[in-house]
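Please take a moment with the sequence and the fold shown here before reading on. The paragraphs after it are meant for a reader who meets this structure for the first time.

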Amino acid sequence: MRNIILAFAVACVAAGCATKQVERASFRFMHWSVSHFSEGGYSVASIPDSNGKAMAAKYVKFLDSVDADVIGISGYDENFTTNGSMRASTALFGGYEKAIGPAKGDICNAIFFKSGKATKIEEKTVFFERHFEDTYYKAVKLNVSGVPIWFVQTHLDSNTYLSGHGKDREEQMKKIISDFRDEPYVVIAGDFRVGVRIPGKRCFPAPEEYKVFEKAGYELANLFGTGTYPLESPLQPIDNVIMKGLEISEVRFLEGGRLSDHLAISCKLTVYGQK
């Protein structure tokens, strides 16, 4: 009897009866911390109105070269120029729908997605209970080729060296994990600010902080602690794309036309299912 069963199983595989993995959704994603369009500076927008069109053309050229279907932006500013005469959502992201969070000092998270590639199901903004800065995450649930996927964009606290705030960043990561625990498809991106900061000295890279996501079943695009900041000498692996339920490929770290002080991260994300 065992021989008969084994022979039948072998026959099924040979005949194509085995379960096959099929592609359900595939798209290109990019995360980029643009530092408030400060031309590679820190956090103060510095593009004058007189140079707005020329600078917008440079940003659009880079964005078009990546051709991402979904883009997560940290350090966003709707005012592309110093006097606010140009809006970034129209000057740079004219072909995208948008979900933009509130501007809180240096913190502003935004998600852009091609209307022909994805449709919005819902969105939310959640501020962290443990914090020093006004940090939060912006999330939007998109229907991508029939697959509901949550995209979460964030910018975590950097002041964990302050008394009483040593665990803030870790708790913020755990909050995101908890809020999306029951969701099968999640993409989390942002400036996670991982690192050991010593006031008046420097920040020491600490990619091990990402392990809280890996322990929760997530995968990292920035798996080996590649430095993404500062652009001139990228030592700090503070930018990342983190996902569960999707397979990642074609990871690239991009200078972004040297328009920000952070490298951008682009990747191809795919959802597979059984046929």
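What follows is a walk through a predicted model, from its sheet to its cores, its backbone details and its charged pairs.

A good place to begin is the open sheet, in which six strands follow one another in the order β5-β6-β7-β8-β12-β11, with mixed pairing. At its edges stand β5 (118-127) and β11, each of which pairs on one side only. Strands of a sheet pair through backbone hydrogen bonds, either parallel or antiparallel. From the β5 edge inwards, nine bridges join β5 to strand β6, residues 136-144, and these two run antiparallel; within this pairing, T125 has K138 in β6 as its bridge partner.

Further along the sheet, strand β7, which covers residues 147-155, is joined to β8 by six bridges, and the two strands run parallel. Here W150 stands opposite V186 in β8. Together with helix α4, residues 168-179, the strands β7 and β8 make a right-handed β-α-β unit. To β12, β8 is likewise linked by six bridges, but in this case the strands run antiparallel, and V186 has K244 as its bridge partner in β12.

How many of the six residues of β8 are buried? Strand β8, residues 186-191, is mostly covered, since six of its six residues are buried. Looking at the two faces in turn, one finds V186, I188 and G190 on one side and V187, A189 and D191 on the other, and they are all buried, which leaves both faces of β8 covered.

The interior of the model can be followed through its nonpolar cores. The largest of them has 29 residues, and those with the most contacts inside it are W32 and F80. Two or more residues each come from β1 (21-33), α2 (52-66), β2 (70-74) and β4 (109-114), and α2 gives the most, with six residues. The surroundings of F80 show what such a position looks like in detail: leaving aside neighbours within four places in sequence, F80 is in contact with F37, I47, G52, M55, A56, Y59, M86, R87, A88 and L92. Apart from this core lies another one, of 25 residues, which includes V140, V144, I149 and Y185.

Some details of the backbone also deserve attention. Y229 and P230 are joined by a cis peptide bond, with omega at about -10°, and P230 has its place in the loop between β11 (219-220) and β12 (239-244). Two residues that are not glycines have a positive phi: for H36 the angle is about 60°, and for D67 it is about 55°. H36 lies in the loop between β1 and α2, whereas D67 lies in the loop between α2 and β2. Are these residues buried or partly exposed? H36 has a relative accessible area of 6% and is therefore buried, while D67, at 44% relative accessibility, counts as partly exposed.

D67 appears again among the charged pairs. Side chains of opposite charge can pair when their charged atoms come close, and a search of the whole structure finds 13 salt bridges. In one of them the side chains of K114 and D67 meet, at 2.5 Å from N to O. Because K114 lies in strand β4 and D67 in the loop between α2 and β2, this pair ties together parts that are 47 residues apart in sequence. K114, at 21% relative accessibility, counts as partly exposed.

Another salt bridge is formed by R169 and E209, whose closest N and O atoms are 2.8 Å apart. R169 lies in helix α4 and E209 in the loop between β10 (203-204) and α5 (211-215), so this pair links parts that are 40 residues apart in sequence. R169 counts as buried at 3% relative accessibility, whereas E209, at 22%, counts as partly exposed. Salt bridges that share partners also join D67, D69 and K114 into one network. K120 and E123 form a further salt bridge, with the closest N and O atoms 2.6 Å apart; K120 is partly exposed at 42% relative accessibility, and E123 is partly exposed at 31%.

As for cysteines, the count of disulfides comes to zero. C108 is buried, with a relative accessible area of 4%, and C203 is buried as well, with 15%.

Note on methods:
Residues are numbered from 1 along each chain as its sequence is written. This is a predicted model: local features need pLDDT of at least 70, side-chain atom pairs count only at pLDDT 80 or more; totals for chains, interfaces and linings use all residues. Side-chain values use heavy atoms; hydrogens and water are left out. A nonpolar core is a set of buried Ala, Val, Leu, Ile, Met, Phe, Trp, Tyr and Cys residues joined through side-chain atoms within 4.5 Å. Buried means under 20% relative accessible area, exposed over 50%, partly exposed in between (1.4 Å probe, protein chains only). Helices (H or I, at least four residues) and strands (E, at least two) are DSSP runs, numbered from the N terminus. Contact means heavy atoms within 4.5 Å. Two strands pair if DSSP finds at least two bridges between them. A crossover is right-handed if, with the strands pointing away from the viewer, the path from the first strand over the helix to the second runs clockwise. A disulfide is a pair of cysteine sulfur atoms within 2.5 Å. A salt bridge is a side-chain nitrogen of Lys or Arg within 4 Å of a carboxyl oxygen of Asp or Glu.
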